[in-house]
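User: Please take a close look at one part of this model. Then follow with what surrounds the bound molecule.

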Amino acid sequence: MINNCNVLVTGGAGFIGSTLVNQLSATNQITIIDDLSMGKKENIDFSDNTELIVGDISKQSVLEEVFMNQQFDYIFHLGAIASVADSVKNPVRTHEVNFDSTFMMLELIKKYQKKLKRMIFASSAAVYGDEPTLPKEEDTSCIRPLTPYAIDKFSSERFVLDYYSLYDVPTSAVRFFNVYGPNQNPNSPYSGVLSILLNSYKKFSNDQSVHFTLFGDGSQTRDFIYVEDVVSALIIVSVSEESKGQVYNVGTGKETSLKMIINVLDSLLDISLPIQQDTVRSGDIEKSVSSIEKLKKLGFFPKYSLKDGLKKYIEKDF
Ligand code: UD2
């Protein structure tokens, strides 16, 4: 649905960004800005129409040079410090990367990008915090950001949407729930739980001694969405007219417990993964699930059930 366009993807070497880039690069000109602090060049299927600028999005000079020299049709701003734990350790640096870059970008768009069709900002379900009412709805649920990461995501979101109402800059924001799939880095204890789990299964099947640490009893639930569905949602939001100035949950609307995921993976891989139970991780929320009614009105339906998504993940990454 996006063809023959000039597209900028910040964080385009990361997990979600590279999946988006690799889908769009077949029929579009893509510029990626990524400092490769978390993303990897190997995630990108390079071709003649894909350019990687290795740079820090929190530096005005880096953004300004790109914005002065090119006119974009679409901008996907996915670059961020993605770890909540890192944001708690380094709130000032997180604010530079996760908030200042967004604010600066909006000003640069206002100044230079007169032909822009849409800027999409990647926010997070973290903005809802620990208020227990479910499912989370974009415009009516309580917003309770509890960490520097969540506060920066929410304040960036507000600026992004206000630039549409105040200055007519075409923007939308999306709140990702728990995204999983190939190229998600499993190496931090705070990496997405599915990447850690799959890595444990891999090691176990290679006869390495391994156990998976389950924080709590596995009854905690999340709304797990396969990365290809996330890319579809990003594209649907970016080309819709009614999504201007709006924020959308990006999830499946289905709640799954960790216990259930482990059962499904055990049976798909025919492995009984050794589990070591630990106490509930501090700051963990018990349950999470999105309402995707708003996104469905734009024509989005998740293509992958959890089982299908896990199967595809295993096919590609096991
Ligand atoms: C997600 C986001 C986080 C923030 C938060 C807001 C990811 C990777 N993290 O955290 O950035 O937006 O939502 O609510 O998308 N677990 C284990 N063992 C492990 C790792 C995790 O049992 O080795 C548990 C963990 O305690 C939690 C669940 O798995 O109960 C999911 O953990 P997660 O870090 O993948 O995602 P979440 O929802 O806590």
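Analyst: **Helix H7 and the ligand shell**

Helix H7 covers residues 227-239, 13 residues in all. From first C-alpha to last, H7 reaches 19 Å, close to the 18 Å expected at 1.5 Å a residue. That expected span is 1.5 Å times one less than the number of residues. Helices (H or I, at least four residues) and strands (E, at least two) are DSSP runs, numbered from the N terminus.

The model is predicted: local features need pLDDT of at least 70, side-chain atom pairs need 80 or more, and totals for chains, interfaces and linings use all residues. Residues are numbered from 1 along each chain as its sequence is written, and side-chain values use heavy atoms, without hydrogens or water.

H7 is largely enclosed by the rest of the structure, because 11 of its 13 residues are buried. Buried means under 20% relative accessible area (1.4 Å probe, protein chains only). Among the buried residues of H7 are Glu 228, Asp 229 and Ser 238.

Now the ligand. The shell holds 20 residues, each with a heavy atom within 4 Å. Val 193, Thr 213, Phe 215, Arg 222 and Asp 284 come nearest. Strand E8 gives the largest share, four residues. Helix H6 (193-205) and E8 (212-215) each supply at least two.

Polar contacts are N or O pairs within 3.5 Å. A ligand nitrogen lies 2.8 Å from a polar backbone atom of Thr 213. Ligand oxygen atoms lie 3.1 Å from a side-chain N or O of Ser 124 and 2.9 Å from a polar side-chain atom of Arg 281. The protein covers 85% of the ligand's own 730 Å² of accessible area (Shrake-Rupley, 1.4 Å probe).

Terms used: A polar contact is a pair of N or O atoms within 3.5 Å; within protein, one must be able to donate a hydrogen and the other to accept it, and residues adjacent in sequence count only if both atoms are side-chain atoms. Buried means under 20% relative accessible area, exposed over 50%, partly exposed in between (1.4 Å probe, protein chains only).
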